[in-house]
Amino acid sequence: MSRTVNRVLIGLVGLVLLAVGGSVLAVGLGVDPPSWWIHDGKKDVLLSDAERTRWDGEGWWWPTVIAALALVVLLTLWWLTAVLRRRRLTEVRVNTGDGEGALLRGRALEGVLEGEAAELDGVHRAHARLTGRPDTPKTRVRLLLEPHADPGTTLNHLTTQALAHARNSAGLDSLPSEVRMTGAKHKAERVS
């Protein structure tokens with residue numbers, strides 16, 4: 001969904017910039033503009049002195065302009081970081097020992113890690129996500145624990161079994177992991 005919204009917004013901004021820039025270029029090259037267009041010809045400026053200084057004496061003008069521009073800059077930076085940040089690692093480089101190496105799909109490793117973690121005693125559900133770089137991946141594992149599960153024992157089994165298998169199968173020296181555990185909600189049991 002966000003990828004579609006991102007592409008639509010980029011397309012709309014691109015079309016607006018292309019239309020405005022192209023029309024200003026066309027007027028600058030000598031094409032007669034329509035009567036409603038903001039420029040009259042080659043020698044016309046973007047903002048005349050009267051337009052530029054119309055609200056200069058008002059006390060609200062400059063704070064409003066600065067706030068609007070700051071908001072545009074903040075939204076643009078937020079969008080840029082959202083676009084450039086890769087949330088999920090798509091491939092992991094595996095050392096095959098022959099100097100060539102191979103690529104392992106990130107989703108495959110995540111699926112195996114989730115499957116092994118979900119099979120641990122006391123784990124109701126597991127979710128794994130790879131982050132980092134293809135040479136130095138990291139994992140984020142979320143576990144939903146059953147009411148009877150001991151978090152310390154579960155964490156020990158996760159690190160010595162599932163995470164160790166993932167690290168060894170990918171031929172990695174280390175696989176830093178962030179593990180978050182939450183308890184599954186359950187009804188209170190009656191004691192008699």
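## Reading a pocket, a strand residue and some rings

Tutor: Let's start with a pocket: the second largest one holds about 210 Å³ of space. Keep in mind that this is a predicted model.

Student: How does one find such space, and which elements give two or more residues to the lining of the second largest pocket?

Tutor: The general idea is that rolling a probe the size of a water molecule over the atoms shows where empty space is left. Here, β3 (123-132), β4 (137-145) and β5 (177-183) each give two or more residues to that lining. The lining has 10 residues, and His127, Arg129, Thr131, Arg140 and Arg142 lie nearest the pocket's centre.

Student: How many residues of that lining are charged, polar or nonpolar?

Tutor: Seven are charged, two polar and one nonpolar.

Student: On to Ala102. Where does Ala102 sit, and what does Ala102 contact beyond its neighbours within four places in sequence?

Tutor: Ala102 belongs to strand β2, residues 102-105. Setting those sequence neighbours aside, Ala102 touches Val92, Arg93, Val94 and Thr96. As for Ala82, 20 residues away along the chain, its C-alpha is 29 Å from that of Ala102.

Student: Why does Ala102 count as partly exposed?

Tutor: Partly exposed runs between the 20% and 50% cut-offs. Ala102 has 34% relative accessibility, so Ala102 falls in that class.

Student: And the rings: how many aromatic pairs turn up in the whole structure?

Tutor: Two. One of them, Trp60 with Trp61, is edge-to-face, at 5.9 Å centre to centre and 85° between the planes. Ring pairs join Trp60, Trp61 and Trp62 into a cluster. Trp60 is partly exposed because its relative accessible area is 42%.

Note on methods: Residues numbered from 1 in each chain as written. Predicted model: local features only at pLDDT ≥ 70, side-chain atom pairs only at ≥ 80, totals over all residues. Heavy atoms only, no water. 1 Å grid on protein atoms, 1.4 Å probe; cavity = no way out; pocket = protein on both sides within 12 Å on 5 of 7 lines; lining within 4 Å. Points joined across faces, edges and corners; volume = space filled by probe spheres on them. Nonpolar A, V, L, I, M, F, W, Y, C, P; charged D, E, K, R; others polar. Buried < 20%, exposed > 50% of the residue type's maximum accessible area, 1.4 Å probe, protein only. Contact = heavy atoms within 4.5 Å. Phe/Tyr/Trp six-rings, centres within 6.5 Å; stacked < 30°, edge-to-face > 60°.
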